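Work through the exercises below with the model open. Each one is followed by a stepwise solution.

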Amino acid sequence: MKPPKNDVLTLFVIFLGIPLCVFFLLVFKGQGNWDTIELLQILILHSSLALVYIASYPAAQAHSPSLSILLIIGSSAKGHLTAEEINRQYTTDQTIIRRVDELEIYGMIEKRDNVFILKPIARVIIRLYIFYRRLLGLPPGEG
Amino acid sequence: MCLARLYRKRPVQQVAIFAIVLAFLCTTAILAVFVWQNLRLFNDVIASVAYSMIVYWGFATFYFHLFNTSETARRIKLLYEIDKAGSLSETKITDMYSTNDIVRLRLKRLVDTNQLRLRDGNYSIDNRLLYFAALIVAFWQRVLGMPYTK
């Protein structure tokens, strides 16, 4: 089975959207043996585990270069590699172009007259990230 | 916030983990004094401790990934660069953010956090913790049917 195009959104719907709907349905329509506090505890427990899965998913989906560098070195015959040998394993298409394509698929950027511009949602997200990093006294991440 | 400003010279991921552990100790102390001490049944204490631990470490792991994303994610970096410039062509993106930069930054981070050892220009695995995490992620990619690409 092929994974959905916008896989992160799909994860949010499956792991958070649907459970939230079930939670509100149970609260408003009668919940059997559970009171609202117990249902809230279940929802919090579920959300914490769901968020762990959703947050760790990009490492697998976007093929984290840090993790793949470790795998490349770990599986090399000599057990060690130079920076150049590691560099040769990657192409611009793998490291950047695919990420740009994904941002387009996720509806974060759009191509107009051969240049990429941010969509409003992406602008909000990136400004939040910058604000958060400023709170920590850090410059924008290096990527 | 204070820790990030206090330990500016340390690798930021290490500071984030330190902050999470410190917050864990504070949370545990508060729960022990105000909640667990007042529970009468031993089973209730065990259930409450287990619940709190799972929920705390769940949200802590999520926070760490969120922080890590702000530091290392290529997609966030791309959004930042496009936002800063207003608009960017594909050529400009690949000019300003090259594969060399991506690999160089990661090698530096992995050495700084003792995951890799650099000796005579050669990188080898040092601490195996992240290496095992990489093996688990690679296994999970196979379970999900994701094609292996670097």
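A salt bridge here is a side-chain nitrogen of Lys or Arg within 4 Å of a carboxyl oxygen of Asp or Glu. The model is predicted.

**Exercise 1.** Find the salt-bridge partner of Asp83(B) and place the pair in the interface's polar inventory.

*Solution.* Start at Asp83(B), which supplies the carboxyl oxygen. Its partner is Arg127(A). The closest N and O atoms are 2.9 Å apart. The cut-off is 4 Å, so the pair qualifies. Next, count: chain A and chain B share four salt bridges. Then widen the search to polar contacts. Across the interface, 17 residue pairs qualify, both residues at pLDDT 80 or more.

**Exercise 2.** Which elements of chain A build the side that touches chain B?

*Solution.* List the elements that supply at least two residues. Among them are helix 3 (65–75), helix 5 (92–105) and helix 6 (120–135). Strand 2 (109–112) and strand 3 (115–118) also qualify. Then rank: helix 2 of chain A gives the largest share, 16 residues. Finally, sort by type: 43 residues are nonpolar, 23 polar and nine charged.

**Exercise 3.** Quantify the contact between chain A and chain B.

*Solution.* Count residues: 75 of chain A contact 69 of chain B. Take the area: about 6,700 Å² is buried, with 67% from carbon and sulfur atoms. In chain A, His63(A), Leu70(A) and Gly143(A) lose the most area to chain B, together 10% of what that side buries.

**Exercise 4.** In what sense does strand 3 of chain A pair with strand 1 of chain B?

*Solution.* Locate strand 1 of chain B at residues 88–89. The pairing is antiparallel, over two bridges. Check one partner: Phe116(A) bridges to Leu88(B).

Terms used:
Residues numbered from 1 in each chain as written. Chains lettered and ligands numbered in written order. Predicted model: local features only at pLDDT ≥ 70, side-chain atom pairs only at ≥ 80, totals over all residues. Heavy atoms only, no water. Contact = heavy atoms within 4.5 Å. Buried area = accessible area lost by both parts, 1.4 Å probe. Polar contact = N/O pair within 3.5 Å; in protein donor to acceptor, adjacent residues only side chain to side chain. Helix = DSSP H or I, 4+ residues; strand = E, 2+ residues; numbered from the N terminus. Nonpolar A, V, L, I, M, F, W, Y, C, P; charged D, E, K, R; others polar. Pairing = 2+ DSSP bridges.
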